[in-house]
Amino acid sequence: MADRVELIFDFVSPNAYLIWGALRDVVARTEAELDVTPVFLGGMHKLTGNAPPMIRNKDVRGKVEYDMLEMNRFVSKHGLSKFKMHPQFPFNSITLQRMLYAADQDGRGVQFVDGLVTKIWEEGIDVLNPEALGQAVQAAGFNAKDLFERSQSQEVKDGLVANTSHAVDRGAFGIPTMYVGPKGGDTEMFFGKERLSQIEEELAKG
């Protein structure tokens, strides 16, 4: 029985924000579990040869414009009127991702994303400013000093690298990638925010 969704996640991806709330709704409706797996998207791109859509598609006539049309449709459909492109995009997310990894070690990865994703993609906080980031982490109910210190440890650094490599080995090449299935069992891979209905169908098979 498919009762779990694993989301491969990096805060730097606007699509990670866009799918977050809608995916949470799907999980709630189907009474499934949601886990996040922190990865470093920049590292994933290097391992796979992939690139951000605006770079990958820049020479394809009409493709970037159509991608924006689809994004705006998704934003409208899911009521994401507060979404705005981050002023520092594409920002270096390595510290954020290491902090997320540390939070996930404590079983609080989903809560960390909940607390930070809107701060980044709705309020546009300065993610490269340690003080601003620390205040946002603290406001989300975490010990910012503890997570930052742990983010600098070799264990966490190596863990994020391993997560990224493992995700690529499983077939992931971008975000959002989701794996749906029983915990510890076989899973189906889905890529892209447009796959929400397919994911809900998979979870409803029970």
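What follows is a trainee's round of questions on a predicted model, with a mentor's answers.

Trainee: Why is the pair of Y17 and F83 called stacked?

Mentor: The whole structure holds 9 aromatic pairs. In the pair of Y17 and F83, the centres are 5.4 Å apart and the planes meet at 15 degrees. Rings pair if their centres lie within 6.5 Å, and planes under 30 degrees apart count as stacked. Both values pass, so the pair is stacked.

Trainee: What makes this a link between distant parts of the chain?

Mentor: Y17 is in helix α1, residues 14–29. F83 is in the loop between α4 (63–77) and α5 (94–105). The two residues are 66 apart along the chain.

Trainee: How do you know whether Y17 and F83 are buried or exposed?

Mentor: Buried means under 20% relative accessible area. Y17 has 5%, so Y17 is buried. F83 has 15%, so F83 is buried too.

Trainee: What makes F9, F11, W20, F112 and F142 a cluster?

Mentor: Ring pairs link them. One of these rings, F142, also has R108 over its face.

Trainee: How do you know that R108 lies over F142?

Mentor: R108 is 3.9 Å from the ring centre. The cut-off is 6 Å, with a further limit of 35 degrees from the ring normal. R108 is listed as lying over the face, so the angle test is met as well. The charged end of R170 sits over the ring of Y179, also at 3.9 Å from the centre.

Trainee: What makes strand β1 largely enclosed?

Mentor: The strand spans residues 4–9, and 6 of the 6 are buried. That count is why β1 is described as largely enclosed by the rest of the structure. R4, E6 and I8 point one way, while V5, L7 and F9 point the other way. In a regular strand, side chains alternate between the two faces of the sheet.

Trainee: Why do β1 and β2 count as paired?

Mentor: Pairing needs at least two bridges. β1 and β2 (residues 33–38) have 6 bridges, in the parallel sense, so they pair. Within β2, L34 is the bridge partner of V5.

Trainee: What lines the largest pocket?

Mentor: It is lined by 38 residues, and N15, P52, P53, R56 and I175 lie nearest its centre. The pocket holds about 940 Å³ of space. α4 gives the most to the lining, with 7 residues. The lining divides into 20 nonpolar, 10 polar and 8 charged residues.

Trainee: What about the second largest pocket?

Mentor: Its space is about 250 Å³. It has 14 lining residues, with F74, K77, H78, K193 and L196 closest to the centre. α1, α4 and α10 (196–204) each give two or more residues. This lining has 4 nonpolar, 2 polar and 8 charged residues.

Trainee: Which peptide bonds are called cis, and what are their omega values?

Mentor: The bond from F89 to P90 is cis, with omega near -5 degrees. P90 lies in the loop between α4 and α5. The bond from I175 to P176 is cis, with omega near 10 degrees. P176 is in the loop between α9 (154–169) and β3 (177–181). Most peptide bonds are trans.

Trainee: What makes E31 worth a note?

Mentor: Its phi is near 55 degrees, a positive value in a residue other than glycine. Most residues other than glycine have a negative phi. E31 sits in the loop between α1 and β2.

Trainee: Is E31 buried or exposed?

Mentor: Exposed means over 50%. E31 has a relative accessible area of 74%, so E31 is exposed.

Methods
Residues numbered from 1 in each chain as written. Predicted model: local features only at pLDDT ≥ 70, side-chain atom pairs only at ≥ 80, totals over all residues. Heavy atoms only, no water. Phe/Tyr/Trp six-rings, centres within 6.5 Å; stacked < 30°, edge-to-face > 60°. Helix = DSSP H or I, 4+ residues; strand = E, 2+ residues; numbered from the N terminus. Buried < 20%, exposed > 50% of the residue type's maximum accessible area, 1.4 Å probe, protein only. 1 Å grid on protein atoms, 1.4 Å probe; cavity = no way out; pocket = protein on both sides within 12 Å on 5 of 7 lines; lining within 4 Å. Points joined across faces, edges and corners; volume = space filled by probe spheres on them. Nonpolar A, V, L, I, M, F, W, Y, C, P; charged D, E, K, R; others polar.
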